[in-house]
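Trainee: Please take one part of this protein and go through it closely. I would also like to know how that part fits with the rest.

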Amino acid sequence: MTPLRGSPDPSGRTPPPERLVVGRVVRPHGVRGELSVEVLSDAPERFAPGAELGVGDPDGPEPLGTAVVTAARLHLGRLLLTVEGVSDRDAADRYRGAWLSIPAAQARPLDPGEFWRHQLVGLAVVDREGRERGRVADVVPGAAHDLLAVEVPGGATALVPAVAALVTVELEAGRVLVEAVPGLLGDLPEE
């Protein structure tokens with residue numbers, strides 16, 4: 001899932017989104033109206049024939065369009081979608097760059113230890129000694145694992161691998177515990 005834009009509430013936490021982005025149309029593919037899609041979901045059934053997707057920026061002021069998937073196939077590591085009403089390259093080109101989303105209520109249940117982006121953004125980042133080291137500013141998708149973008153004092157951003165060996169999320173306490181690996185979150189100010 002891609003990070004969604006949204007303004008944090010007064011506590012610094014990002015409110016739950018109404019929609020979740022599951023893909024982005026990269027470009028048309030071929031002359032028959034297929035869409036080359038960057039998949040941003042780990043649930044492949046999102047793109048099964050008959051699936052209905054919102055088209056457009058779910059956080060933007062414009063109303064979303066709708067696309068109903070009629071076919072999906074993989075081609076060179078990219079998902080190619082065919083949607084109702086799009087049968088040529090010109091029609092497919094109108095989708096270029098569009099976000100594809102689903103209602104948040106249709107999200108799959110999370111496994112233990114999994115979190116949505118909006119649950120993490122705004123949480124305090126604390127080292128194992130209990131010293132506050134910053135706040136989670138974003139969750140950045142990575143090739144092997146996600147990264148927590150941590151805004152540290154002074155305004156710099158540190159990227160922390162979101163792996164169990166380094167990070168423990170304490171959602172109820174409103175914090176993320178991070179191992180104090182030298183250099184990971186910058187130097188502590190002198191006391």
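Mentor: The answer starts with the whole protein, goes on to one strand and its surroundings, and ends with the other sheet.

This is a predicted model, with an average pLDDT of 85, and 88% of the residues score at least 70. Residues 1-10 have a pLDDT below 50, although this stretch has 29 contacts in the model beyond near neighbours in sequence. Where pLDDT is low, predicted coordinates should not be read in detail. I leave that stretch aside.

The protein contains two helices and 12 strands. Read from the N terminus, the elements come in the order β-β-β-β-β-α-β-α-β-β-β-β-β-β. Of the 191 residues, 38% are buried. Among contacts in the protein with a separation of 6 or more, 50% join residues that are 24 or more positions apart. The exposed surface comes to about 10800 Å², and carbon and sulfur atoms supply 52% of this area.

The part to look at closely is strand β6, residues 99-103. β6 belongs to a closed barrel of six strands, whose order is β1-β2-β5-β4-β3-β6, with antiparallel pairing. On average, neighbouring strands of this sheet are turned by 50° against each other, if direction is ignored.

In the barrel, β6 has β1 as one antiparallel partner, through five bridges. One place to find this pairing in the structure is Ser101 of β6, which is the bridge partner of Val21. β3 also pairs with β6 in the antiparallel sense, here over two bridges. On this side, Leu100 of β6 is the bridge partner of Val55, and Ser101 of β6 has Gly54 opposite. Ser101 can therefore serve as a marker for both sides of the strand, since Val21 is its bridge partner and Gly54 stands opposite it.

Now take Leu100. Leaving out residues up to four places away in sequence, Leu100 touches Leu20, Val21, Val22, Gly23, Val25, Val37, Phe47, Leu53, Gly54, Val55 and Leu81. Leu100 is also a member of the largest nonpolar core, which has 22 residues. Along with Leu35, Val37, Phe47, Leu53, Leu81 and Tyr95, Leu100 is among those touching the most other members. At least two residues of this core come from each of β1 (19-29), β2 (34-39), β3 (52-55), β4 (65-75), β5 (78-83), α1 (89-93) and β6. In soluble globular proteins, nonpolar side chains tend to be buried together.

One loop of the barrel region deserves a short stop. Leu76 is found between β4 and β5 and has a positive phi of about 50°, although it is not a glycine. Most residues other than glycine have a negative phi. Leu76 is exposed, at a relative accessible area of 80%.

For the rest of the protein, there is a second, separate core of 17 residues, including Val136, Val139, Val152 and Val167. There is also an open sheet of six strands, ordered β10-β9-β8-β7-β12-β11, with mixed pairing. Its edges are β10 (157-161) and β11 (167-170); each has a single partner strand, so one side of each lacks a neighbour in the sheet. From one strand to the next, the twist averages 35°.

At one edge, β9 (residues 147-151) pairs with β10 in the antiparallel sense over five bridges. Val150 has Ala158 of β10 as its bridge partner. β9 and β10 form a hairpin with five residues between them, and Gly154 in the turn has a positive phi of about 100°. Side chains alternate along β10: Ala158 and Val160 point to one face and are buried, whereas Thr157, Leu159 and Pro161 point to the other and are not.

At the other edge, β11 and β12 (residues 175-178) run antiparallel and are joined by four bridges. Val169 has Val176 of β12 opposite it.

Last comes Arg133, in strand β8 (residues 132-140). Arg133 counts as buried, because its relative accessibility is 8% and the cut-off for buried is under 20%. Its C-alpha atom is 9.7 Å from that of Ala180, although the two are 47 residues apart along the chain.

Notes: Residues are numbered from 1 along each chain as its sequence is written. Side-chain values use heavy atoms; hydrogens and water are left out. A nonpolar core is a set of buried Ala, Val, Leu, Ile, Met, Phe, Trp, Tyr and Cys residues joined through side-chain atoms within 4.5 Å. Buried means under 20% relative accessible area, exposed over 50%, partly exposed in between (1.4 Å probe, protein chains only). Contact means heavy atoms within 4.5 Å. Two strands pair if DSSP finds at least two bridges between them. pLDDT is the predictor's confidence in each residue, from 0 to 100. Accessible areas come from the Shrake-Rupley method with a 1.4 Å probe; for residues, only the protein chains shown count as cover. Axes are lines fitted to C-alpha atoms, for helices over the stretch in contact, and angles run from 0 to 180 degrees between N-to-C directions.
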